[in-house]
Amino acid sequence: MSAPETLDLEARIRDALRIIIDPEMGKNVVDLGLIYDIDVQEGGIARVTMTTTIKGCPATAFLKEAVQNCVWYVPGVEYAEVRLTYEPPWTPDMMADGAMEFAHGSIF
Amino acid sequence: MFAATLSRWTMSYFAAALIFLVLGETMMVLGFGYPVLALEAPETLALVHVVVLGWLSLLMTGALLQFVPVLVGQPLSLPSVALPALLFLIGGIATLTLGFVGLSGAIDLPVTLLPLGAAFSIVGFSVLGFSFSVTLWHARPLPLPARFVAVGLATLFGTMLLGGVYAGVLSGLIEAAGAIDLTVDGLSLHASLGLCGWLSFTTMGVSYRLLTMFMLSPDKERTSSRLVFVLGVLCLGLLAAAVPVILVGTVGRSPLFLLAVGSGAAVVAIYVGDILRIYRERRRKAIELNSRASIGAFVSLVAAAMLFVALLSAGRLDEAIGAVIYLATFGWLTGMGLAQLYKIVPFMTWLECYGPALGRMPTPRVQDLVSETSALRWFRLFYLTVAVGTLALLIGSALLFRFASLGQLIAVNALILEFVRTRRLINVPAELRLPDGLVRPGLFLPSIPHGGSHEPRSL
């Protein structure tokens, strides 16, 4: 697989993952910054490193399985592996611009 | 890597707790117990145990079944105790309540119901407490919120032991002089350990984590939060130290009590400062209704603490302590409980129903399971009735208190209806409600066999 093909597959995986919504945040996992890394290797082997907003959250397992399923179904992917990590822990600063309206100090 | 799964029986705990809350509110509307009768009357004790054990403690234990694993990042030890413990607790609390009713003479019931109900309740709480404690033990070193829970469990144990002694003495089963002294002099100790330790201190710890999670505030242990913990342990330790003081019967309790009040007031002040910071530093602009409705609970906590100190300074604590207990029990603890249920119920319902479909088909957001505009007015009515009820107790108007309780009963029932609508997915847009292959969750019983298909297949 050539370098442009690899980049193209990475981009298509990233786009596909946008259909997965974090149920609490209501935003997709890519724009929330929960997908730390997408690594595509020779032969359509995709390794995704992801996190969740809260460690130990009961939605974690569902999110991980959703990412795994989603990546498998991207054309060109022959093998998908998803790794969950909390290093570094997720912070709101990792969100893409516009993914969340920020508060500015007031209670209401 | 560990990821908490759904607690199978938490929703059943919540359902039982809400039924006890409705029962307690109905008793208040009917004038059963305080303020129509004395604070120490058996009828009042029946009412207090319906609210504090039936409602608040079942709510807390049900929530801890789900959240202790989240707090410590470890699976719950002995999860199979949840159902038998719930059955013991429902039976025990109902029997204990009937025991107090029997003691009042309103109905002719055997006095042995009192120790029997206490024994069943103690078994239920002990089994759950053991499960939580083993989980916490395996997770050492504990994060700060979990340390609050550990101390809360220790005070639950102390509160239960004292309650067991009282039940034995009141029913005539225990005749030891020390036990009788404890019953005569230590009733307030039992109440304060239960309300300040088990219920309030645990709520404080869990609230640090929950509010931070749901509002995306910076999640780090602060010196001020550690100070809340240390001062809280000091306050509760001083309260517990009253037991040997009563048994020895030589030293006065006043210095211990005043020190406990001082440290308790500092705990409330610093804790509320921390909560203000969590709200101010949040990264989500919109405050969802669960966090908005919690503000009423924090205001009630501050008001109850200030009222307590003011009454103590004025030497009028004895005549108005009922108002303080009411404000803390309903404004702070019940308000916080209902507000957090407003998030926990949809969140757990979402996981149960839509979790397995995530990434396979379009799913609603957690927030799509609720209708904030209709619930907002019921939370407003709830806090209004708490304020009127407190005022009624301060001015000694039992009639006004019963009117306030009627309004509160309506608000509570309306919020329960909101929870039912959430469980029934009524607020979810029709096109997303139940796509092919998804099953609507049971109202309050687990619908999937243990280890069933709602668990993710691979991890």
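Colleague: Which residues of H14(B) are met by H12(B)?
Modeller: This is a predicted model, where local features need pLDDT of at least 70, side-chain atom pairs count only at pLDDT 80 or more, and totals for chains, interfaces and linings use all residues. From H12(B), the residues in contact (heavy atoms within 4.5 Å) include B:Tyr326, B:Phe330, B:Leu338 and B:Glu352. Their partners in H14(B) are B:Phe401, B:Gln408, B:Val412, B:Leu415, B:Phe419, B:Thr422 and B:Arg423.

Colleague: How many residues of that contact are nonpolar?
Modeller: Ala, Val, Leu, Ile, Met, Phe, Trp, Tyr, Cys and Pro count as nonpolar, Asp, Glu, Lys and Arg as charged, the others, Gly among them, as polar. The contact of H12(B) with H14(B) has 2 charged and 3 polar residues. The nonpolar ones number 11.

Colleague: Are H12(B) and H14(B) roughly parallel or roughly antiparallel?
Modeller: H12 spans residues 317-354 and H14 residues 398-423 of chain B, as DSSP runs of H or I with at least four residues, numbered from the N terminus. Their axes (lines fitted to C-alpha atoms over the stretch in contact; angles from 0 to 180 degrees between N-to-C directions) lie 9 Å apart at about 10°. Angles under 35 degrees count as roughly parallel, over 145 as roughly antiparallel. H12(B) and H14(B) are therefore roughly parallel.

Colleague: How much space lies in the largest cavity?
Modeller: A cavity is a set of points on a 1 Å grid over the protein atoms alone where a 1.4 Å probe fits but cannot get out. The whole structure has 6 cavities of 30 Å³ or more. The largest holds about 280 Å³.

Colleague: Which elements give two or more residues to the lining of the largest cavity?
Modeller: Lining residues have an atom within 4 Å of a point. There are 18, with B:Leu59, B:Met60, B:Thr203, B:Gly337 and B:Gln340 closest to the centre. By class, 14 are nonpolar, 4 polar and none charged. The elements are H2 (42-72), H7 (187-215) and H12 of chain B.

Colleague: Where is B:Pro35, and where is B:Pro141?
Modeller: Residues are numbered from 1 along each chain as written, chains lettered from A and ligands numbered from 1 in written order, and side-chain values use heavy atoms, without hydrogens and water. The bond from B:Tyr34 to B:Pro35 is cis, with omega near 5°, and that from B:Arg140 to B:Pro141 is cis, with omega near -5°. B:Pro35 is in the loop between H1 (10-29) and H2 of chain B. B:Pro141 is in the loop between H4 (113-138) and H5 (144-170) of chain B.

Note on methods. Parallel < 35°, antiparallel > 145°, perpendicular 65-115°, else oblique. 1 Å grid on protein atoms, 1.4 Å probe; cavity = no way out; pocket = protein on both sides within 12 Å on 5 of 7 lines; lining within 4 Å. Points joined across faces, edges and corners; volume = space filled by probe spheres on them.
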